[in-house]
Amino acid sequence: DDAAGAASRLARHLAGDPTALGEQPLHLLGTAFQCQVWEVLRTLPHGTTTSYAALAERLGRPTAVRAVAAANGANPVPWFVPCHRVLAADGRLWGYAGGLAMKAWLLRHEGALAHEDPRLAL
């Protein structure tokens, strides 16, 4: 019913606990590069955003922006690896498997995006 506490942590997150999802133990399966990207995503603080270029820079691979975006898109557990916190270079919402409306909702829930934020204009 609550495999590894995932459902409990998700409920805590939805109730407003900003630390809940980061506490979830994960064993991510992917390429070495994908796992590196996902681990960096897990370090992004609740309520913040970054860009694909900034992620590539953090990985020491500044020219790997497209590869970072592809790894971001291949994230198998988006609630626990917060890929929704990554925006396009110009700050617009971009690329989310759950749809941009869900990405916007998640960012608003975390306080990283205001309801009237112009980045919602796609």
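Student: Before we start, what's a nonpolar core?

Tutor: A nonpolar core is a set of buried Ala, Val, Leu, Ile, Met, Phe, Trp, Tyr and Cys residues joined through side-chain atoms within 4.5 Å. Keep in mind that we're looking at a predicted model.

Student: OK, so how many residues are in the largest nonpolar core here?

Tutor: It has 19 residues. Those with the most contacts inside it are F33, V37, W38, L41, L55 and V68.

Student: Which elements give two or more residues to it?

Tutor: Helix 2, helix 3 and helix 4 do. Helix 2 gives the most, with six residues.

Student: Tell me about helix 2 then. Which of its residues are buried?

Tutor: Helix 2 covers residues 32-42, and the buried ones are F33, Q34, C35, V37, W38, V40 and L41.

Student: And what do those pack against?

Tutor: They pack against helix 3 (52-58), helix 4 (65-73) and strand 2 (86-87).

Student: Back to L55. What does it touch, leaving out residues up to four places away in sequence?

Tutor: L55 touches V40, L41, T50, V68 and V86.

Student: What's in the second core?

Tutor: That one is separate and has six residues, including L87, L93, A104 and L113.

Student: Switching topic: how many disulfides does a search of the whole structure find?

Tutor: Zero. A disulfide is a covalent bond between the sulfur atoms of two cysteines.

Student: Why doesn't C35 have a bond to C83?

Tutor: Because the sulfur of C35 is 14 Å from the one in C83, which is too far for a bond. For C35, the sulfur in C83 is the closest cysteine sulfur, and for C83 the closest is the one in C35. A pair would have to be within 2.5 Å to count as a disulfide.

Student: Is C83 buried or exposed?

Tutor: C83 counts as buried, at 6% relative accessibility.

Student: What about the outside? Which residues make a nonpolar surface patch?

Tutor: L14, M102 and W105 make one of about 260 Å². M102 sits in helix 5, residues 100-110, and is partly exposed, with a relative accessible area of 34%.

Student: What comes after helix 5? Where is G111?

Tutor: G111 is in the segment after helix 5. G111 is exposed, with a relative accessible area of 59%.

Student: How far is the C-alpha of G111 from that of T48?

Tutor: Those two C-alpha atoms are separated by 8.1 Å, although G111 and T48 are 63 residues apart along the chain.

Methods
Residues numbered from 1 in each chain as written. Predicted model: local features only at pLDDT ≥ 70, side-chain atom pairs only at ≥ 80, totals over all residues. Heavy atoms only, no water. Patch = residues over 30% accessible without salt bridge, like charges linked within 9 Å, V, L, I, M, F, W, Y side chains within 5 Å. Areas by Shrake-Rupley, 256 points an atom, 1.4 Å probe, with all protein chains shown as cover. Salt bridge = Lys/Arg side-chain N within 4 Å of Asp/Glu carboxyl O. Helix = DSSP H or I, 4+ residues; strand = E, 2+ residues; numbered from the N terminus. Buried < 20%, exposed > 50% of the residue type's maximum accessible area, 1.4 Å probe, protein only. Contact = heavy atoms within 4.5 Å.
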